Amino acid sequence: VEENKNGGYHWVVELKETHELIGDISAVSINKKHQNCEIGYCYGSRFWGNGYATEALRKVIEFMLNDVEFHLVETKHVSINGASGKVMQKAGMKLDGKLRERRIDKKTGEIVDLVIYSITKKDLVDKVDKLLKKIDIDGIIASGSIRNLIEKENKNNFPNIISSEKPYTAVKYLLAGNVVILIDNDPFVLVLPATLNDFFTSQEDDYGKSINVTITRIIRYITLAITLLTPAIYIAVTTFNQEILPTELLIGVAAQRENVPFSTFIEALLMILAFQILRESDLKLPSFANSALSIVGALILGEAAVSAGIVSPIMIIVVAITAISSLTFVEPEFTNALRIYRILFMIGAVIFGIQGVLFSFIFMIINLVDYNFLDLPYLSPFSPPISADLKDSIVKFPTIKLKKRNRILSNNNTKNVTEE
């Protein structure tokens, strides 16, 4: 990309496979005062109808709205060129109107209208409104019903909508540029779109000192790794990769498992299933009885299983560490997603050992990197990296240094002008 003296941007477009030049696209009529510009493009006729123009236009729109931080991008085409209008519509632009008889067609000499399309960052609200208008159902019982109807649950196991009954949470995300949906007579609101990092932050983070909050968030990410990987790594090192363990520890583990009739995978699966049953009963019982029952049930069940020779003592330790780490996350949908990937890692470990755990981890990362909801990447601000948002991710900078909103969600990026 090249920025000329007048503030315009110019690109040439080439095919990925052959690097053959097929056209060009430019951002012109730059108005930095009002944060808008116009995009124009031209392609060779033999490359029409392949989606190249739409793909390039989407990328340039994304660049101008997010990187250059403009509020509005518009394009124009003559009324007899309907194909160009379809390109603009596929790129997510909306029809603004027509300028009557503003151009003379070079081929026919006919005076034609000029059709205008545009797109703004406020279109996030319009996208949510469009999702809501697609809902056609007899009745909405609660906010969870709407969440299930608009969430892309077949694309990603992790939640991309936050459900909360705290006014603080709703106000916080509204100020950040997210959309909040309120349902009449329901105490819960829906916040969208959400990213993975949103489930590692809490209300207390905004009030604590940055160094303390940073340490707490690092611990939360460590607990994510523990709850996902601990059973799988234990299965891998006891089944395939015994050379990883020190000899003394390996002999101790082998001695403990001598009388266990099940494989390590079945042993881990049974204990994780037992914990999930205890957790479900904990959620269903009244609050005055659930904690005591869970603790007593876990102690009795674990001791009885070891005494009966069904599981080894070290497996009790592995499952306990995994279970305690999962309690860091309070969002049920997030916890359920961790449960699914934990089983995936265990299957990879029992088939291929440590390599299987690595392959499963790569699969999960690819799935998360590829996923976005309402044009917000799920791994934002890590992928793609957004410098302003990285200051409030794993590491939290002092509040006085957090001056920008998420540029993908809001065109009003400045949120804090306090002098340091």
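Let me start in a loop: Asp184 sits in the stretch between strand 9, residues 179-182, and strand 10, residues 189-192. Please keep in mind throughout that what we have here is a predicted model. Asp184 is exposed, with a relative accessible area of 66%, and if you look for Ser143 you will find that the two C-alpha atoms lie 9.2 Å apart in space, although 41 residues separate Asp184 and Ser143 in sequence.

If we follow the chain onward through strand 10, we come to the peptide bond between Leu192 and Pro193, which is cis, with omega at about -5°. Pro193 itself belongs to the loop that runs between strand 10 and helix 6, the latter covering residues 210-239. A cis peptide bond also leads from Ser380 to Pro381, where omega is near 10°, and Pro381 is again a loop residue, placed between strand 12, residues 376-377, and helix 13, residues 387-390.

While we are on backbone geometry, let me point to His19, which is not a glycine and nevertheless has a positive phi, of about 60°. His19 is in the loop between strand 2, residues 9-14, and strand 3, residues 21-31, and with a relative accessible area of 53% this histidine counts as exposed. Ser29, likewise not a glycine, has a positive phi of about 50°, but for Ser29 the setting is strand 3.

That brings me to the salt bridges, of which the structure holds 11. I will go through a few, beginning with the one in which the side chains of Glu55 and Lys16 meet, at 3.5 Å from N to O. Why is this pair worth a look in terms of the chain? Glu55 lies in helix 1, residues 52-67, whereas Lys16 lies in the loop between strand 2 and strand 3, so the pair ties together parts that are 39 residues apart in sequence. The two partners also differ in how they are covered: Glu55 is partly exposed, at 38% relative accessible area, while Lys16, at 66%, counts as exposed.

A further salt bridge joins the side chains of Glu74 and Lys76, with an N to O distance of 3.9 Å. Here Glu74 has a relative accessible area of 21% and is partly exposed, and Lys76, with 29%, is partly exposed as well.

The next example is the bridge between Asp392 and Arg217, whose closest N and O atoms are 2.9 Å apart. Since Asp392 lies in the segment after helix 13 and Arg217 in helix 6, this pair ties together parts that are 175 residues apart in sequence. Is Arg217 buried or exposed? Its relative accessible area is 2%, and because buried means under 20%, Arg217 is buried; Asp392, by contrast, counts as partly exposed at 26%. Nor does this bridge stand alone, for salt bridges with shared partners join Asp205, Arg217, Arg220 and Asp392 into one network.

Let me now turn to empty space inside the model. The count comes to one cavity of 30 Å³ or more, and the largest cavity holds about 30 Å³ of space. Which residues line the largest cavity? They are Ile272, Phe275, Gln276, Val319, Thr322, Ala323 and Arg342, and the elements that give two or more residues to this lining are helix 8, residues 264-284, and helix 10, residues 313-326. By residue class, the lining divides into four nonpolar, two polar and one charged.

Finally, let us move to the surface, where a nonpolar patch of about 900 Å² is made by Ile347, Ile351, Phe352, Leu358, Phe359, Phe361, Ile362, Ile365, Ile366 and Val369. Two helices, helix 11 at residues 332-352 and helix 12 at residues 354-370, each supply at least two residues of the patch. Which helix gives the most to the nonpolar patch? That is helix 12, with seven residues. As one member to inspect on your screens, I would take Ile347, whose place is in helix 11, and which is partly exposed, with a relative accessible area of 36%.

Notes: Residues numbered from 1 in each chain as written. Predicted model: local features only at pLDDT ≥ 70, side-chain atom pairs only at ≥ 80, totals over all residues. Heavy atoms only, no water. Patch = residues over 30% accessible without salt bridge, like charges linked within 9 Å, V, L, I, M, F, W, Y side chains within 5 Å. Areas by Shrake-Rupley, 256 points an atom, 1.4 Å probe, with all protein chains shown as cover. Salt bridge = Lys/Arg side-chain N within 4 Å of Asp/Glu carboxyl O. Helix = DSSP H or I, 4+ residues; strand = E, 2+ residues; numbered from the N terminus. Buried < 20%, exposed > 50% of the residue type's maximum accessible area, 1.4 Å probe, protein only. 1 Å grid on protein atoms, 1.4 Å probe; cavity = no way out; pocket = protein on both sides within 12 Å on 5 of 7 lines; lining within 4 Å. Points joined across faces, edges and corners; volume = space filled by probe spheres on them. Nonpolar A, V, L, I, M, F, W, Y, C, P; charged D, E, K, R; others polar.
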